[in-house]
Amino acid sequence: MTVERLLPGTALTAYPPVEKWDDWHEYDAKQWPRRVEKRYMLVPTICFNCEAACGLLAWIDKDTLSVRKFEGNPLHPASRGRNCAKGPATINQINDPERILYPLRRSGGRGEGQWKRVTWDQVLDEIGGRIRKAFLEGRRNEVMYHVGRPGHERTMDRILKAWGIDGHNSHTNVCSASARLGYALWTGYDRPSPDHANARFILLLSSHLESGHYFNPHAQRIIDGKLAGAKLAVMDPRLSNTASLADYWLPTYPGSEAAVLLAMAKIILDEGLADLDHLEKWTNWREWMEERHPGVEPRFGSFVAELKAHYQEFTPEFASAESGVAKEQIVLVARLIGRARGAFASHVWRGSASGNVGGWQVARALQFLTVLTASVGTPGGTSPHAWNKYKPVFWKEPPPQKDWNELLFPKEWPLSHYEMSFLLPHFLKEGRGRLDVYFTRVYNPVWTNPDGMTWMEVLRDESKIGLHAALTPTWNETAIFADFVLPMGLAGERYDIQSQETHSGRWVSFRQPVLRAARERMGESFRFTYESNPGEVWEEDEFWIELSWRIDPDGALGIRSWFESPFRPGEKLTVQEYYRWIFENAVPGLPEAAAKDGLTPFDYMGRKGAFLIEDEVRELHKAHVAAPPNATRDPRSGVVRVLGKAVGVEIEGEVVAGFPTPSRKLEIFSKTLSEWGWPEEALPGYVRSHVHRREMDASKGELVLVPTFRLPTLIHTRSGNTKYLNEISHRNPLWISPQDARRLGIATNDLVRVTTEIGYFVNRAWVTEGIAPDVVACSHHMGRWRLREGEGSRWSTARVALTRKSETGYLLRQVEALAPFQSSDPDSSRIWWSDGGVHQNLTFAVHPDPVSGMHCWHQKVVVRKAPSGDRYGDVFVDTAKSMETYRKWLAMARPGPGPGGLRRPLWLDRPVRPADETFFLK
Ligand code: SF4
């Protein structure tokens with residue numbers, strides 16, 4: 001990849017040539033019209049402001065040794081030199097005058113806002129000692145790491161396995177777990193990787209051109225695809241920026257998406273547009289037929305006939321009635337998808353999959369179209385994510401842990417795709433366990449999760465959480481309830497490896513502390529990265545290595561050895577050695593590419609920031625597998641096993657890799673769902689949502705609130721201290737259609753009260769044709785708050801008062817709007833906006849999907865003009881009602897164990913997978 005390739009046929013380059021990155025000269029724009037030359041070193045790193053992992057180049061002023069700006073890295077195979085607004089805004093985060101620079105320990109009661117600066121040694125000794133004690137006393141399940149933004153590949157998996165604990169918790173069940181389960185049931189891989197650039201037809205159930213998953217890399221390729229002639233359809237009740245650029249906008253009523261997708265599948269089947277040969281070869285249709293007609297030899301022709309009969313009810317008329325989309329449009333788009341055979345690219349991420357009960361069936365229904373059109377892994381089709389993602393291996397892999405933590409994977413949700421993370425406070429309130437040491441890492445559940453007031457109640461309670469350490473680059477609404485607030489590095493202040501399934505290639509990228517890298521090139525050396533970071537901002541890998549040594553100083557617990565150098569036996573691992581070993585030994589092709597440039601692999605990654613391992617990765621399921629002599633073949637399914645472990649499947653006489661599913665094929669029929677209590681959902685289906693029209697009480701004026709969309713310019717929590725981004729976006733009014741607004745007597749800018757099951761919030765209305773009738777929408781990311789000065793960024797937070805109205809009733813009220821303030825950044829005195837938006841997630845009760853465990857975000861709400869006394873930004877919540885709603889949803893689950901006394905199917909993966917024996921209930 002070269003700059004020239006990005007700009008073919010032109011002598012102009014958008015980026016300084018890579019050979020000049022060590023010493024780039026240009027005039028200082030701020031000195032114009034004087035011609036004052038500045039000297040820069042350009043050091044690559046990786047953006048940390050969303051999951052896409054785009055490349056950045058830090059422009060380091062060689063005279064002041066400070067970062068002047070961040071721009072794109074043209075050598076990055078996914079982002080190709082381009083970024084969204086959040087990438088360059090990294091400079092604001094680094095220079096934020098209010099950032100946390102030193103480790104803090106609370107000096108008063110938890111949550112009372114009294115802090116004192118401590119040393120890192122104190123931090124490591126206290127936390128390490130406490131964890132050691134828990135381990136010595138056999139309380140391994142009382143140590144938990146809860147991550148919001150991960151941003152590294154397998155690092156924490158290795159650390160937690162080295163500690164021998166089942167202690168990984170994540171944010172995924174408020175994000176994407178539902179869609180992931182839908183994909184995993186089909187293919188064994190839990191995410192799609194669409195090849196947008198080569199597609200003939202693209203269908204998005206998301207807003208990928210502005211904010212969806214892998215937003216910038218995907219957006220570029222969707223536009224590439226469109227420029228090459230692909231048509232784009234978008235299913236979304238909201239006229240997003242993406243929908244506005246689509247050829248076809250299908251404004252589906254929330255939760256009806258699977259009905260529309262299945263109607264499209266029916267049209268493709270009925271009109272002979274399906275690739276039946278692909279269906280016969282690559283799906284487990286036989287298993288379904290054998291279950292329906294035991295003892296009868298399955299015939300493919302009968303299967304097709306029964307499949308058509310199964311989906312008979314999904315007529316365009318039915319789908320239209322469910323969704324509100326015209327049936328002609330459903331038919332038209334279905335035919336275009338069918339005719340795109342082999343080149344149909346699609347994605348569903350949050351939206352419908354994360355909003356509704358049964359959202360995982362939306363992903364299954366979408367993948368059904370991919371399978372029917374034989375677009376699995378083809379050019380222009382949709383691959384499983386793992387084919388396009390790199391995962392490192394290590395010189396020593398710790399064994400899987402021997403514990404199963406029921407605070408993470410409780411028996412009620414045996415198929416939950418990720419940890420039941422948003423129910424942690426409810427579980428602790430119920431007495432299911434306690435935590436002795438709880439890490440939140442770039443994670444702000446009080447503000448991000450539903451039912452944040454319950455989080456506040458539990459975080460305050462030291463009998464439930466003994467010690468809370470918040471690892472965070474910024475103040476947030478959760479960190480104020482910590483015992484330790486530990487500042488961690490931003491994109492240009494830490495090391496990480498990242499790789500994402502952004503297109504049909506496979507790449508690896510390197511996040512690095514740019515000032516350390518630059519100063520090392522200039523001849524300096526550092527023991528720890530914080531010596532080159534602002535204040536004492538710690539590099540996180542170094543934190544975990546040091547902490548692991550404090551937990552096990554003499555190695556007697558068997559932990560320390562995992563954190564010893566692969567190059568200097570018995571000595572402490574350094575962070576650079578960790579990455580050096582991976583780059584030298586575990587990235588195919590990198591050592592050779594580096595040698596060609598006369599560099600070590602570590603220096604190559606440090607100088608270029610990314611490496612394309614392979615391009616055009618396609619149809620890996622068809623890869624030939626050389627079966628060893630001891631392999632066995634199941635005569636009915638064709639599955640080939642070695643020592644009981646499936647390694648492939650025979651297709652037309654050849655053993656090929658297939659998919660990591662029980663049948664090694666694409667599972668149109670899920671025996672797993674059938675055996676684990678959900679036989680009625682064993683085929684791709686349509687689950688009527690908790691906000692389905694028939695659940696709405698028209699007499700009460702109920703509407704559906706879509707709270708899931710995000711703004712392209714903001715990040716959940718971390719944009720709080722980015723001045724550029726907050727200047728662009730600082731309001732989140734309630735979108736309401738003209739019909740509903742008329743009926744309710746509401747006009748744009750009116751103050752409205754939005755009432756949920758457990759409380760209400762007060763916002764301003766925005767009357768717009770951009771939202772379907774019967775639906776209202778409000779973006780998240782907004783409504784940041786601070787209870788006290790010094791505990792929240794003044795670029796984005798309103799000062800609030802939290803008042804207890806009853807034993808379980810809380811009112812959060814804005815008492816000071818945003819305003820200019822004095823700081824070392826003169827821009828802080830120029831803040832011209834006073835609005836920071838309104839928070840809504842506090843007013844949402846938890847809605848765990850009974851199968852995937854995902855929080856179902858959409859809300860049944862009543863909207864009316866705000867009564868007198870209400871103020872903009874008011875939020876009221878009753879946590880007793882939240883617990884009631886939690887119990888109602890808990891009762892909908894179908895608990896395990898499943899066949900064979902299993903907690904969870906052995907074939908279904910889970911994060912930081914423990915030993916197989918822990919899957920069995922004792
Ligand atoms: S899409 Fe934007 S925020 Fe996300 S990694 Fe790329 S530049 Fe950063």
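The loop between β1 (24–27) and β2 (37–46) holds Pro 33, and the peptide bond that leads into this proline from Trp 32 is cis, with omega near 10 degrees. The model described here is a predicted one, and its protein contains 27 helices and 34 strands. The points below take up the backbone geometry of individual residues, then two helices and their surroundings, and then the protein as a whole.

**Cis peptide bonds**

- Besides the bond from Trp 32 to Pro 33, for which omega is near 10 degrees, a cis peptide bond is found between Gly 896 and Pro 897, where omega is about 5 degrees.
- Whereas Pro 33 sits in the loop that runs between β1 and β2, Pro 897 belongs to the segment that follows α27 (879–890).

**Positive phi values**

- Ala 374, a residue other than glycine, has a positive phi near 50 degrees, and its place is in the loop that connects α15 (359–372) with β14 (382–384).
- The relative accessibility of Ala 374 is 12%, and because buried means under 20%, this alanine counts as buried.
- Glu 619, likewise a residue other than glycine, has a positive phi near 40 degrees, and it lies in the loop between β20 (610–614) and β21 (632–633).
- With a relative accessibility of 27%, Glu 619 counts as partly exposed, since that class covers values between 20% and 50%.
- Gly 164, which comes just after helix α4, takes a positive phi of about 75 degrees.

**Helix α4 and its cover**

- Helix α4 spans residues 155–163 and is mostly covered, with eight of its nine residues buried.
- The buried residues of α4 are Thr 155, Met 156, Arg 158, Ile 159, Leu 160, Lys 161, Ala 162 and Trp 163, a list in which Arg 158 and Lys 161 appear alongside Ile 159 and Leu 160.
- The cover over these buried residues includes the helices α3 (120–136), α20 (540–551) and α21 (575–585), together with the strands β7 (143–147), β8 (168–169) and β15 (435–441).

**Helix α10 and its buried face**

- In helix α10, which spans residues 285–292, the buried residues are Trp 285, Trp 288 and Met 289.
- When α10 is viewed down its axis, these buried residues fall within an arc of 95 degrees, and therefore they line one face of the helix.
- The elements against which the buried residues of α10 pack are α9 (276–282) and α11 (300–310).

**The protein as a whole**

- A compact globule of 922 residues would be expected to have a radius of gyration near 29 Å, and the 27 Å found for the protein agrees with that expectation.
- Taken along the principal axes, the box filled by the C-alpha atoms is roughly 75 × 75 × 65 Å.
- Of the 922 residues in the protein, 65% are buried, and the protein exposes about 31,700 Å², of which carbon and sulfur atoms supply 51%.
- Among the contacts between residues at least 6 apart in sequence, 71% join residues that are at least 24 apart.
- The protein carries 116 positive and 113 negative charges, and the mean positions of these two sets are 2 Å apart.

Conventions: Residues are numbered from 1 along each chain as its sequence is written. This is a predicted model: local features need pLDDT of at least 70, side-chain atom pairs count only at pLDDT 80 or more; totals for chains, interfaces and linings use all residues. Side-chain values use heavy atoms; hydrogens and water are left out. Helices (H or I, at least four residues) and strands (E, at least two) are DSSP runs, numbered from the N terminus. The radius of gyration is taken over C-alpha atoms; the globule rule is 2.2 Å times the number of residues to the power 0.38. Buried means under 20% relative accessible area, exposed over 50%, partly exposed in between (1.4 Å probe, protein chains only). Contact means heavy atoms within 4.5 Å. Accessible areas come from the Shrake-Rupley method with a 1.4 Å probe; for residues, only the protein chains shown count as cover. Lys and Arg count as positive and Asp and Glu as negative; His and the chain ends are not counted. The place of a charge is taken as NZ of Lys, CZ of Arg, CG of Asp or CD of Glu. The arc is that of the directions from the helix axis to the C-beta atoms.
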